[in-house]
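Got your viewer open and a selection box handy? Load the model shown here and follow along, one stop at a time.

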Amino acid sequence: QVQLVESGGGLVQAGGSLTLSCAASGRSSSSYAMGWFRQAPGAEREFVSLITWNAGITYYGGTVKGRFTISREKAKNTVYLQMNSLKPEDTAVYYCAAKNSITSPDYDYWGQGTQVTVSS
């Protein structure tokens, strides 16, 4: 069983930066990808970014492309989300997620979420 623990959320002013971390434990699959989603109050969950574990190929949602950067540190089984030029509309609960198959549309594991609030 994989467990994901996010950290790094908080309050930041518009234009500022924040880095989220997601530590994974119990990972067993070599065909593996980890990503970030977010959900604002009253809104649907939105895909933010994804990284394939072995090759490090990255994907971004349209609203964050060019501002956010996903990376992974294999030795620590940790994925990071560097968020720059933050906007008030980036305010949401950010969830880390992982899936055993890169090609699967479904995620197998989810973190508990971390709140990011961007003030104007």
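What follows is a walk from the core outwards to charges, sulfurs and rings.

**Before you click**

This is a predicted model, so keep the filters in mind: local features need pLDDT of at least 70, side-chain atom pairs count only at pLDDT 80 or more, and totals for chains, interfaces and linings use all residues. Residues are numbered from 1 along each chain as its sequence is written, and side-chain values use heavy atoms, with hydrogens and water left out.

**Stop 1: the core**

Select Leu-4, Met-34, Trp-36, Leu-81, Met-83 and Tyr-94: of the 27 residues in the largest nonpolar core, these touch the most other members. A nonpolar core here is a set of buried Ala, Val, Leu, Ile, Met, Phe, Trp, Tyr and Cys residues joined through side-chain atoms within 4.5 Å. Buried means under 20% relative accessible area, exposed means over 50%, and partly exposed is in between (1.4 Å probe, protein chains only).

Now colour by strand. Two or more core residues come from each of β3 (18-25), β4 (33-39), β5 (46-52), β7 (68-73), β8 (78-83), β9 (92-99) and β11 (114-119). The elements are DSSP runs numbered from the N terminus: helices are H or I with at least four residues, strands are E with at least two. There is also a second, separate core of five residues, including Ala-33, Leu-50, Ala-97 and Tyr-107.

Centre on Leu-81 next. Which residues does Leu-81 touch, not counting those up to four places away in sequence? You should find Leu-18, Thr-19, Leu-20, Trp-36, Val-48, Ser-49, Phe-68, Thr-69, Ile-70 and Tyr-94, with contact meaning heavy atoms within 4.5 Å.

**Stop 2: out to the surface**

From Ser-49, hop to Lys-65: the two are 16 residues apart in sequence and 8.7 Å apart in space, C-alpha to C-alpha. Lys-65 sits in the loop between β6 (58-60) and β7, and is exposed, at 62% relative accessible area.

**Stop 3: the charged network**

Side chains of opposite charge can pair when their charged atoms come close. The rule used here for a salt bridge is a side-chain nitrogen of Lys or Arg within 4 Å of a carboxyl oxygen of Asp or Glu, and the count comes to three.

Start at Arg-38, which is buried, with a relative accessible area of 5%. Its side chain meets that of Glu-46 in a salt bridge (2.8 Å, N to O), and Glu-46 is partly exposed at 27%. Arg-38 also meets Asp-90 in a salt bridge, at 2.9 Å, N to O. Asp-90 is in the loop between β8 and β9 while Arg-38 is in strand β4, so this pair ties together parts that are 52 residues apart in sequence.

Then select Arg-67, whose side chain bridges to Asp-90 at 2.7 Å, N to O. Why does this pair tie together parts that are 23 residues apart in sequence? Because Arg-67 lies in the loop between β6 and β7, and Asp-90 in the loop between β8 and β9. Both Arg-67 and Asp-90 are buried. Show Arg-38, Glu-46, Arg-67 and Asp-90 together and you have one network, joined by salt bridges that share partners.

**Stop 4: the disulfide**

The structure holds one disulfide, defined as a pair of cysteine sulfur atoms within 2.5 Å. Pick Cys-22 and Cys-96, with their sulfurs 2.0 Å apart. The dihedral about the S-S bond is -80°, and the link is left-handed. Cys-22 is in strand β3 and Cys-96 in strand β9, 74 residues apart, and both are buried.

**Stop 5: the rings**

Rings of Phe, Tyr and Trp (its six-membered ring) pair if their centres lie within 6.5 Å; planes under 30 degrees apart count as stacked, over 60 as edge-to-face and the rest as tilted. How many aromatic pairs turn up by this rule? The count comes to five.

One of them is Phe-37 with Trp-110: the centres are 5.1 Å apart and the planes at 55°, so the pair is tilted. Phe-37 is in strand β4 and Trp-110 in strand β10 (residues 109-110), 73 residues apart. Phe-37 is buried at 10% relative accessible area, whereas Trp-110 counts as partly exposed at 31%. Tyr-107 and Trp-110 are also tilted, with centres 5.8 Å apart and planes at 55°. Add Phe-47 to your selection, since Phe-37, Phe-47, Tyr-107 and Trp-110 form one aromatic cluster.

Last, show two charges over these rings. The charged end of Arg-45 sits over the ring of Phe-37, 5.7 Å from its centre, and Lys-99 lies over the face of Tyr-107, at 4.7 Å from the ring centre. The test asks for NZ of Lys or CZ of Arg within 6 Å of the ring centre and within 35 degrees of the ring normal.
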